[in-house]
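Biologist: Please take a close look at one part of this protein for me. I would like the salt bridges, pair by pair, with their surroundings.

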Amino acid sequence: MVPGENVLRPKSGDTSRVWQIADEITKDQSRKAVRREVLKHAMEEGIQERTASRQYNDWRRDYEYQKVQHTTGNGVHEAPVAPLHLHLQIGADGRVLIPAEMRRAMKIDESGKLNAELVDGELRLFSPAVALEKLQTLFAPLREAPSLVDELLAERRAEAARE
């Protein structure tokens, strides 16, 4: 299963109960439930360890996906709480498959276009949407500052009115 893709919340049974346990721990602790806690509670309820482990993985993928999908009041998507860290394989032709979860977090649109830069031996990939958000954040203070052009025009108009 590709992370964040096709993860459906179970409706009943032990699989559903594992998700409920993870939700309850997350709510009670005000942080994401960790595997050890969920497995402990699930096994105390008689749920098989392998079932609990698999369902915790699916719950965690859904949890991270939901964090990516959550939008703030200004429409900017928040990043997941935990950074996404995966080992990717480079094919013989030099291609790398970026998992769906990462593509969503990177805000890659249907065009699939990315910007790339090489910095100190690191390949950094980012979508035009992310680049735009960074620029908007960088220049936001300038937008709030008074416009020098508007000030100059106001001064000239005031001088013209006095004459």
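Modeller: Start with R54. This arginine counts as partly exposed, because its relative accessibility is 43%. The model is a predicted one. R54 forms a salt bridge with D58, and the closest N and O atoms lie 3.5 Å apart. D58 has a relative accessible area of 8%, under the 20% limit, so it is buried. The two residues sit four apart in helix α3, so about one helical turn separates them.

Helix α2 holds a pair with that spacing as well. E44 and K40 are four residues apart there, which means about one helical turn between them. Their side chains meet in a salt bridge at 3.6 Å, N to O. Both E44 and K40 are exposed.

Now a pair across the chain. The side chains of R17 and E45 form a salt bridge of 2.8 Å, N to O. This one links distant parts of the chain, 28 residues apart: R17 belongs to helix α1 (residues 13–29), while E45 lies in the loop between α2 (35–44) and α3 (49–69). E45 counts as partly exposed because its relative accessibility is 42%. R17 and E45 also belong to a network of salt bridges that includes E24.

For context, the whole structure has nine salt bridges. The protein has six helices and two strands, in the order α-α-α-α-β-β-α-α. Of its 163 residues, 24% count as buried.

Technical notes: Residues are numbered from 1 along each chain as its sequence is written. This is a predicted model: local features need pLDDT of at least 70, side-chain atom pairs count only at pLDDT 80 or more; totals for chains, interfaces and linings use all residues. Side-chain values use heavy atoms; hydrogens and water are left out. Buried means under 20% relative accessible area, exposed over 50%, partly exposed in between (1.4 Å probe, protein chains only). A salt bridge is a side-chain nitrogen of Lys or Arg within 4 Å of a carboxyl oxygen of Asp or Glu.
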